[in-house]
Amino acid sequence: MKRIVILISGRGSNMEAIVQRCAEQGWPAQVAAVVANRAEAQGLQFAAAHGIATAVVDHKAFATREAFETELARVIDGFEPDLLVLAGFMRILGAAFVRHYEGRMLNIHPSLLPAFPGLHTHRRALQAGCKAVGATVHFVTPELDHGPIVMQSVVPVRPGDDEHTLAERVLATEHVIYPQAIRWFVQGKLQLEDGRVSQLDGASQVLI
Ligand code: GRF
């Protein structure tokens, strides 16, 4: 059984989708813990209600990012993860932390990377006149919102869309592609080579 640790900062809807798919589909894995950087992160309640260990490492309690990340890694490693999943975790992580989990840390970002790394992706896509947007699951590298792409979803931009309608449409696809990508990881179906990820069964890595 592979052990998954999920980091959240807030709502945790992607974490919920992962927990549910893992149970329903009988992955060779378990969500060993959900860790938040904010005690108020709503997702912690869902995790606790499902018998999953939870922990909080409050970044505000540390003088430096390095000190925060040292403690965060200590707490995470206590759960012995095979895979670390960032699911709406709103802290930028330093290179030492990222390297420690290299090849076993995934993130989801609500844009078609490499377009629109960073915040306010839907607003920026609308301003740019994009006709399609989406979400990207990728391995985490020290550069923010970069890293080898595991799976993407593509959704249309419709007349009258604003950043909220777009965010909602994209989020529904996040709840499909993130569990799918993680399932492949725990099944050993992902191959990472030269910064590119292939699915060993040839399954489609795009949801349209
Ligand atoms: C998602 O849109 C995700 O792509 C982004 O932050 C949001 C988290 O939502 N990184 P939730 O906490 O999973 O509901």
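**Ligand site between two domains**

The protein splits into domain 1 (1-101) and domain 2 (107-208), with bounds from an automatic or database domain assignment. This is a predicted model, where local features need pLDDT of at least 70 and side-chain atom pairs count only at pLDDT 80 or more, while totals for chains, interfaces and linings use all residues. Residues are numbered from 1 along each chain as its sequence is written, and side-chain values use heavy atoms, with hydrogens and water left out.

User: What makes Glu174 a polar contact of the ligand?

Analyst: A polar contact is a pair of N or O atoms within 3.5 Å. A polar side-chain atom of Glu174 is 2.7 Å from a ligand oxygen atom, so that pair qualifies.

User: Why do Asn14 and Ile108 get that label too?

Analyst: Same cut-off. A backbone N or O atom of Asn14 is 2.9 Å from an oxygen atom of the ligand, and one of Ile108 is 3.1 Å from a nitrogen atom of the ligand, so both pass.

User: Which residues are around the ligand?

Analyst: Arg11, Gly12, Ser13, Asn14, Gly88, Ile108, Pro110 and Glu174; each counts because one of its heavy atoms lies within 4 Å of the ligand.

User: Which domains does the shell around the ligand draw on?

Analyst: At least three residues come from each of domain 1 and domain 2.

User: How many residues of domain 1 are in contact with domain 2?

Analyst: 21 residues of domain 1 touch 17 residues of domain 2, where contact means heavy atoms within 4.5 Å.

Conventions
Polar contact = N/O pair within 3.5 Å; in protein donor to acceptor, adjacent residues only side chain to side chain.
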